[in-house]
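Please open the structure in your viewer and keep the sequence panel beside it, since the stops below are given as selections to make one after another.

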Amino acid sequence: MLDNLNWWEIGALLLLALLIFGDRLPAVITDGLRLVRNLRNMARNATGDLSRELGTDIQLEDLHPKAFIRKHLLSEEDEAAIRKPLQGVYDNLRADVSGVHNDLKDVANAADLRSNESRPGTATSSPSAPAPRASYDDAT
């Protein structure tokens, strides 16, 4: 859950929590953990009730509507029939996107100065210095 936070960010969050809640911080942490535990128990009870009512084994991940329909209401043939018209469109779109990606790579490689310098027949001299800019004092 906190995989994208490093130790400094976690420490800063703890310090911020300590500043906000002060001496009530242990009570707030206890209440938060109790809330999470109650939510897990409610979800476990709901999946148990659904499993009993439907007569199938339902996991917590199956409560997502798409996963529920795919697992319990559609057969493999029905799912294939639904996917078939869209598969051609998906394949065409994927081919177009990969073509554009390859074209962009070719343009980037052609514009890359380092690759231009390494080609035979090109000058290896350093680029010329930019011309000095005219200042306001020079014009007056």
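Select Leu16 to begin: in this predicted model, Leu16 has a relative accessibility of 45% and therefore counts as partly exposed, the range between 20% and 50%. Leu16 sits in helix H1, which runs over residues 7-21. Add Leu13 and Ile20 to the selection, and the three residues show up as a nonpolar patch on the surface, with about 290 Å² of accessible area together.

Now widen the selection to the whole of H1, whose 15 residues reach 21 Å from the first C-alpha to the last, close to the 21 Å expected at 1.5 Å a residue. At the N-terminal end of H1, pick Asn6 and Trp8: Asn6 acts as the cap, with a side-chain oxygen lying 3.1 Å from the backbone nitrogen of Trp8. At the other end, go to Gly22, just after H1, where the backbone takes a positive phi of about 65 degrees.

The next selection is helix H2, residues 25-54. H2 has 30 residues and spans 43 Å between its first and last C-alpha, close to the 44 Å expected at 1.5 Å a residue. Which residues of H2 are buried? Colour Leu25, Thr47 and Ser51, since these are the buried residues in H2, and then display H1 again, because H1 is included in what covers the buried residues of H2.

Centre the view on Ser51, which has a relative accessible area of 15% and is buried because that value falls under 20%. Leaving aside neighbours within four places in sequence, Ser51 is in contact with Thr56, Asp57 and Ile58. On the way from Ser51 to those residues, stop at Gly55, which comes just after H2 and takes a positive phi of about 80 degrees.

Stay in H2 and turn to charged side chains. How many salt bridges are there? The count comes to two, and both can be displayed by selecting the pairs in turn.

Start with Asp31 and Arg34, which form a salt bridge whose closest N and O atoms are 3.1 Å apart. Being three residues apart in helix H2, Asp31 and Arg34 are separated by about one helical turn. In terms of exposure, Asp31 is partly exposed, with a relative accessible area of 44%, and Arg34 is likewise partly exposed, at 42%.

Then select Asp49 and Arg52, where a salt bridge brings the closest N and O atoms to 2.9 Å. Here too the partners, Asp49 and Arg52, are three residues apart in H2, about one helical turn. An α-helix has 3.6 residues a turn, so residues three or four places apart point the same way. Asp49 is partly exposed at 38% relative accessibility, whereas Arg52 counts as exposed at 62%.

Finally, zoom out and show the whole chain as a cartoon. The secondary structure comes to six helices and zero strands, giving the pattern α-α-α-α-α-α along the sequence. Switch to a surface representation and consider that the protein exposes about 12,800 Å², of which carbon and sulfur atoms supply 61%, while buried residues make up 5% of the 140 residues. If you draw a contact map, restrict it to contacts with a separation of 6 or more: residues 24 or more positions apart account for 0% of these.

Note on methods: Residues are numbered from 1 along each chain as its sequence is written. This is a predicted model: local features need pLDDT of at least 70, side-chain atom pairs count only at pLDDT 80 or more; totals for chains, interfaces and linings use all residues. Side-chain values use heavy atoms; hydrogens and water are left out. Helices (H or I, at least four residues) and strands (E, at least two) are DSSP runs, numbered from the N terminus. Buried means under 20% relative accessible area, exposed over 50%, partly exposed in between (1.4 Å probe, protein chains only). Contact means heavy atoms within 4.5 Å. Accessible areas come from the Shrake-Rupley method with a 1.4 Å probe; for residues, only the protein chains shown count as cover. A salt bridge is a side-chain nitrogen of Lys or Arg within 4 Å of a carboxyl oxygen of Asp or Glu. Patches are made of residues with over 30% relative accessible area and no salt bridge: like charges are joined within 9 Å, nonpolar side chains (Val, Leu, Ile, Met, Phe, Trp, Tyr) within 5 Å. The expected span of a helix is 1.5 Å times one less than its number of residues. A polar contact is a pair of N or O atoms within 3.5 Å; within protein, one must be able to donate a hydrogen and the other to accept it, and residues adjacent in sequence count only if both atoms are side-chain atoms.
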